[in-house]
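Got a few minutes to walk through a protein chain with me? Here's a set of questions and answers to go through with the model open beside you.

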Amino acid sequence: MLNFVDIPQQSGGWFKPSEHQGAVAILVEVKGFDRQRPTPNGPKDSALTDLSIFNSQADLDAGTPTEVKGVRIEQTVLARDLAGLVNSATVVTVTQVPNKKPGAHPAWVWRPVERAVMQKVVEYANKREQAVQAAVAAAPDFD
């Protein structure tokens, strides 16, 4: 018997950096990149990503992300920095810095994490990958 559930209402599939400022670490897995993708606000560079977000040190220590989601990242600097990372991953945080243009809004930017934080996120990713491989190996062969 199938277990039917409602899809939770979410705010959409776009990255909102303000919601993740202060996260201890964000594992960004870049799945694709489109240069100047058409949007209602004009063409924008767009990175298609999977994010594993660790909001607290406790979540990081437990190896359990606070949130895992697939999103598009279209903020100018954030997307541009991911252009060369398709089929790769990085571990960062997100923050705002003053914009160099007078009167412009502050810009969202990625920041590297400390080595100890990086190691914990890499351990999480390796365990997750091992679990996926084990599940694939245990799956029945229908051929």
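Q: Where does glutamine 36 sit in this chain?
A: This is a predicted model, so local features are read where pLDDT is at least 70. Glutamine 36 has a positive phi of about 50°, even though it isn't a glycine. Its place in the chain is strand S1.

Q: Is glutamine 36 buried, partly exposed or exposed?
A: Buried would need a relative accessible area under 20%, and exposed one over 50%. Glutamine 36 has 46%, so the label for it is partly exposed.

Q: Where would you look for asparagine 87?
A: Here's another residue with a positive phi that isn't a glycine: asparagine 87, at about 65°. With 69% relative accessibility, asparagine 87 counts as exposed. Its place is the loop between helix H2 (76-82) and S4.

Q: How many helices and strands does the protein chain have, and what pattern do they follow?
A: Count them up and you get three helices and five strands. Going along the sequence, they come in the order β-β-α-β-α-β-β-α.

Q: What should helix H3 span, and what is the distance between its end C-alpha atoms?
A: H3 covers residues 115-138, which makes 24 residues. The expected span is 1.5 Å times one less than the number of residues, so the helix should come to 34 Å. The model agrees, because the end C-alpha atoms are 34 Å apart.

Q: Which residues of H3 are buried?
A: An α-helix has 3.6 residues a turn, so residues three or four places apart point the same way. For H3, the cut-off for buried is under 20% relative accessible area. The residues that meet it are Val117, Val121, Tyr124 and Ala125.

Q: What covers the buried residues of H3?
A: The cover comes from several elements, with one helix, H1 (57-62), included. The strands included are S1 (25-37), S2 (44-54), S3 (67-73) and S4 (88-97).

Q: Which residues does glycine 70 touch, leaving out those up to four places away in sequence?
A: Glycine 70 lies in strand S3, and with a relative accessible area of 47% it is partly exposed. Its C-alpha is 9.7 Å from that of valine 28, a residue 42 positions away along the chain. The residues that glycine 70 touches are Thr49 and Asp50.

Q: Is alanine 107 buried or exposed?
A: Alanine 107 lies in strand S5 (residues 107-112). Leaving out residues up to four places away in sequence, it touches Thr95, Gln96, Val97 and Asn99. Its relative accessibility is 18%, and the cut-off is under 20%, so alanine 107 counts as buried.

Q: What separates the C-alpha atoms of alanine 107 and leucine 60?
A: Along the chain, these two are 47 residues apart. In space, the distance between their C-alpha atoms is 27 Å.

Q: What is the relative accessible area of proline 40?
A: Proline 40 lies in the loop between S1 and S2. The C-alpha of proline 112, 72 residues away along the chain, is 32 Å from that of proline 40. Proline 40 is exposed, with a relative accessible area of 87%.

Q: Which residues line the largest pocket, and how do they split by class?
A: This pocket has a volume of about 150 Å³. Its lining is made of Trp14, Phe15, Lys16, Arg37, Pro38, Thr39, Pro40, Asn41, Lys44, Arg72, Glu74 and Gln75. By class, that gives four nonpolar, three polar and five charged residues.

Q: What share of the contacts with a separation of 6 or more joins residues 24 or more positions apart?
A: Contact here means heavy atoms within 4.5 Å. Of the contacts in the protein chain with a separation of 6 or more, the share from residues 24 or more positions apart is 60%.

Q: What percentage of the protein chain counts as buried?
A: The C-alpha trace spans about 60 × 35 × 30 Å along its principal axes. The accessible surface is about 9,700 Å², with 54% of it belonging to carbon and sulfur atoms. Of the 143 residues, the buried share is 31%.

Key. Residues are numbered from 1 along each chain as its sequence is written. This is a predicted model: local features need pLDDT of at least 70, side-chain atom pairs count only at pLDDT 80 or more; totals for chains, interfaces and linings use all residues. Side-chain values use heavy atoms; hydrogens and water are left out. On a 1 Å grid over the protein atoms alone, a cavity is a set of points where a 1.4 Å probe fits but cannot get out, and a pocket is an open set with protein on both sides within 12 Å along at least five of seven lines; lining residues have an atom within 4 Å of a point. Grid points are joined across faces, edges and corners, and a volume is the space filled by probe spheres set on the points. Ala, Val, Leu, Ile, Met, Phe, Trp, Tyr, Cys and Pro count as nonpolar, Asp, Glu, Lys and Arg as charged, and the others, Gly among them, as polar. Helices (H or I, at least four residues) and strands (E, at least two) are DSSP runs, numbered from the N terminus. Buried means under 20% relative accessible area, exposed over 50%, partly exposed in between (1.4 Å probe, protein chains only). Accessible areas come from the Shrake-Rupley method with a 1.4 Å probe; for residues, only the protein chains shown count as cover.
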